[in-house]
There are 2 protein chains.
Amino acid sequence: MSVAGRFERIALIGFGLIGGSIARAARQQGVAGEIVTTARSEKTRARVAELGIVDHVVASNADAVKDADLVILCIPVGACGPVAAEIAPHLKPGAVVSDVGSVKGAIVRDMAPHLPANVHFVPAHPVAGTENSGPDSGFAELFINRWCILTPPDGVDAGAIDHLRAFWAALGAKVEIMTPDHHDRVLAITSHLPHLIAYTIVGTADELAQVTESEVIKFSAGGFRDFTRIAASDPTMWRDIFLSNKDAVLDMLGTFTEDLSKLTRAIRRGDGDALFDHFTRTRAIRRGIVDIGQDSAAPDFGRPLPQLKKP
Amino acid sequence: MSVAGRFERIALIGFGLIGGSIARAARQQGVAGEIVTTARSEKTRARVAELGIVDHVVASNADAVKDADLVILCIPVGACGPVAAEIAPHLKPGAVVSDVGSVKGAIVRDMAPHLPANVHFVPAHPVAGTENSGPDSGFAELFINRWCILTPPDGVDAGAIDHLRAFWAALGAKVEIMTPDHHDRVLAITSHLPHLIAYTIVGTADELAQVTESEVIKFSAGGFRDFTRIAASDPTMWRDIFLSNKDAVLDMLGTFTEDLSKLTRAIRRGDGDALFDHFTRTRAIRRGIVDIGQDSAAPDFGRPLPQLKKP
């Protein structure tokens, strides 16, 4: 009767987009016995209780983790160290302790020193999300066909890793294991730099005096609107990501800036061949992403099409 | 019985995403009598004939424009000057001559000198598109609720402008009139710079030795995939856009680079407050775009959700 990846009692520290999606998916897939969650604000706790997805919602992280077989920190990266210190004395021996942070080196550095030797620390990063946040933003399908990267420190119990792997697989994710350092470099280019660039260009548009904000918004379908989605992501979460993956982000940014200079020079010199060659190469990457099901093949991301009335 | 915006004979020079969408929409909305189109390659002409949307598909632009009441050049910006010279002797007196180019200053400069005084030249830019190209990529709904910007030179017949405005309105577009120069500045920030940045970052990812291409593709759901869509746009079209709107693009690029330096400095110095403030401001722009219906309010652009089987 036991489903692969099931934990009898799960504590989710935080119930935002990721915590809320884990709760919904785990419930739906039958891999959670009891689920207890915490939220810092009274308002969020009231909303979570109202949603009725979890069994208990409490204010105290220490209370939440008592007797939990799986504890997942679903909070901004910068908050994980202090919370690890707070929950450490209350963890059940043998519990799996994990997180969902977009940076892994800093998580290991900040959390590991606080955790007792009798728990299994398996940091995780589900590479999935939307631009929304808060207790209502989660949904059970978020992790389907997305990768979840585990970065267990050396010597972590193989059974604990397998158990967490099966849990994420039950939620629909494909699981991969890598070192925290490699994770942070991969994500710097596939996620952190894109967010930084999007935040920058949306800010640039906001500042321009010669183009009113209303024009930027009106004519955004020419390309700009694609950047505004990720530039609407949670500010606290992203502040913490850039502060804790500083080196890899600055390194990728250096390469990006050099490449931008090359294209700028080609435009300034009117070098059409260089532009054409570059623009041809980049098409192949899109094709690769669509081919392995990491994006929709429908034009325009499959945005819904309006209909015209017949004249 | 005459529908507002109807033209009895329309010549579309080129049948790609935009030409093909105009043909489909004009047909569906009853604003086209006969439609004749041209395509440079034999293969495309055969495919257009097979699609059965237009009445005639011919190889010669000169033949196509004979007796046409509306001629629209639906080809890359760089090709518009030579084609204007080619069709000029064959235009019907009183015809409306237009285009769909993403740059307007260069279009006026390159086309106007060739056109006879007895036609009405009304350059146009429908701010709509997808990453796809070719005769099969068009669809009738492309222009619905999108802006079409007209940039008629001084002294153009008001009746001709109104007729073309009504035509685009029938296709579902909202029409706005501005100067070519203002158009080129607005589009530099809302469309051209976003494409340049997207082409750059996708190229940067392609080059990185420490992250294999397969990892970039696998973990693209963390943000990167949003950039790959517009970096898969037609290379010839975009080469021409950057070459013909050089000054405005370089100017916007200067501002963008300054802003990127500011955020880079905030990361390097660990200035979390500066990052948080910036990331909070950019959320409002997304809200504005969704509020006026220029993007879907659904998370993740409304990308289709997969479903999990019950365990």
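Here is a short chat about this predicted model, its two chains and some of their parts.

Q: Before we start, what should I know about the model and its numbering?
A: The model is predicted: local features need pLDDT of at least 70, side-chain atom pairs count only at pLDDT 80 or more, and totals for chains, interfaces and linings use all residues. Residues are numbered from 1 along each chain as its sequence is written, while chains are lettered from A and ligands numbered from 1 in the order in which they are written.

Q: OK. How are the two copies, chain A and chain B, related?
A: A turn of 180° and a shift of 0.0 Å along the axis lay chain B on chain A with an RMSD of 0.0 Å. The two copies are thus related as by a two-fold rotation axis. The superposition is by least squares on the C-alpha atoms of residues with pLDDT of at least 70 in both.

Q: And how many residues does each chain put into the contact?
A: Chain B gives 102 residues and chain A gives 102 residues. Two residues are in contact if their C-beta atoms, placed from the backbone, lie within 7 Å.

Q: Which element gives the largest share of chain B's side?
A: That's α7(B), with 19 residues. By class, the side of chain B that touches chain A has 52 nonpolar, 30 polar and 20 charged residues. Here Ala, Val, Leu, Ile, Met, Phe, Trp, Tyr, Cys and Pro count as nonpolar, Asp, Glu, Lys and Arg as charged, and the others, Gly among them, as polar.

Q: Why can you say that the copies meet through the same surface?
A: Because 100% of the interface residues of chain B are also interface residues in chain A.

Q: Can we zoom in? Where does L193(B) sit?
A: L193(B) is in helix α7 of chain B. Helices (H or I, at least four residues) and strands (E, at least two) are DSSP runs, numbered from the N terminus.

Q: Is L193(B) buried or exposed?
A: Buried, with 25 other C-beta atoms within 10 Å. A residue is buried if 20 or more other C-beta atoms lie within 10 Å of its own, exposed if 12 or fewer, and partly exposed in between, with C-beta atoms placed from the backbone.

Q: What does L193(B) touch?
A: Not counting residues up to four places away in sequence, L193(B) touches I201(A) from chain A, plus A188(B), V249(B), M252(B), L253(B) and F256(B).

Q: What about R239(B), which residues is that one in contact with?
A: Leaving aside neighbours within four places in sequence, R239(B) is in contact with G272(A), L275(A), F276(A) and F279(A). R239(B) is found in helix α10 of chain B and is buried, with 25 other C-beta atoms within 10 Å.

Q: Switching to sheets: what's the strand order in the open sheet of six strands in chain A?
A: The order is β3-β2-β1-β4-β5-β6, with parallel pairing. Two strands pair if DSSP finds at least two bridges between them. The edge strands are β3 (56-58) and β6 (120-121) of chain A, each pairing on one side only.

Q: Which helix packs on that sheet?
A: Helix α1(A) does, touching β1, β2 and β4 of chain A, and its direction makes about 165° with that of β2(A). Axes are lines fitted to C-alpha atoms, for helices over the stretch in contact, and angles run from 0 to 180 degrees between N-to-C directions.

Q: Is α1(A) mostly covered or not?
A: Mostly covered: eleven of its 13 residues are buried. Among them are L17(A), I22(A) and Q29(A). The helix spans residues 17-29 and reaches 18 Å from its first C-alpha to its last, close to the 18 Å expected at 1.5 Å a residue; that expected span is 1.5 Å times one less than its number of residues. Just after α1(A), G30(A) takes a positive phi of about 70°.

Q: And the sheet of three strands in chain A, what's its order?
A: β7-β8-β9, an open sheet with mixed pairing. Its edge strands are β7 and β9 (174-177) of chain A. Strands β8 (residues 147-150) and β9(A) pair in the parallel sense over four bridges, and C148(A) has V175(A) as its bridge partner in β9(A). Helix α6(A) packs on this sheet, touching β7, β8 and β9 of chain A.
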